[in-house]
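Reader: Mind walking me through the labels used for this model? I'd like to see the reasoning behind each one.

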Amino acid sequence: MSKPPGRHHDRRAFARRILGASVATLLGACAAPTTPATAPTVEPSSAVTLLLWHGWSGVSYQVLSQLAERFNRQSSAGRVILQSVPLAGFGADLQAAARAGSGPHLALIPNTWVGALAASAILLPIDDQIPQIEQNTLLPVALG
């Protein structure tokens, strides 16, 4: 008789599903539109390469790597290159790179860093990017 999965196993499986869905959404958003009317013409030599900084390791890194590889195989319009950055210096490295104009295109950061990065103008506000009518439907904490 097999032992039913424990709470630890359930959390790990849930975290993998959420992580996979989040990163798939992130990478999927980078793909070229699929509708012919709006899809831009992309020459093979003009494929976009996005640099994604992360501080992940272990299972999280494996999932991220697999998703990036799948995206790169399926997309002729671009590719994602993962760059692992040690978390100990990630924030300072990100700020220095952004100030030098050489920061990554994408970065997976802890949400607790957002305030400090916004205060130092590394992250710019998106208030003018979201129409007011849509802002009214969002929770204030989501906009904060």
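Author: Sure. Let's begin with a cut-off: buried means under 20% relative accessible area, exposed over 50%, and partly exposed in between. Keep in mind that this is a predicted model.

Reader: Then why is F90 called buried?

Author: F90 has a relative accessible area of 0%, and the limit is under 20%, so F90 counts as buried.

Reader: And what makes W113 partly exposed?

Author: W113 comes out at 23%. That value falls between 20% and 50%, so W113 is partly exposed.

Reader: Why is the pair of W53 and F90 called edge-to-face?

Author: Ring centres have to lie within 6.5 Å to pair, and planes over 60 degrees apart count as edge-to-face. Here the centres are 6.0 Å apart and the planes stand at 90 degrees, so edge-to-face it is. The pair ties W53 in strand β1 to F90 in helix α3, 37 residues apart.

Reader: What makes the pair of F90 and W113 tilted?

Author: Its planes are 55 degrees apart, with 5.5 Å centre to centre. Stacked needs under 30 degrees and edge-to-face over 60, and the rest is tilted. Ring pairs thus join W53, F90 and W113 into a cluster.

Reader: On to the sheet: how do you know that β1 and β3 pair?

Author: Pairing takes at least two bridges, and two bridges join β1 to β3, running parallel. The open sheet has the order β2-β1-β3. β2 and β3 each have a single partner strand, so they stand at the edges.

Methods: Residues numbered from 1 in each chain as written. Predicted model: local features only at pLDDT ≥ 70, side-chain atom pairs only at ≥ 80, totals over all residues. Heavy atoms only, no water. Helix = DSSP H or I, 4+ residues; strand = E, 2+ residues; numbered from the N terminus. Buried < 20%, exposed > 50% of the residue type's maximum accessible area, 1.4 Å probe, protein only.
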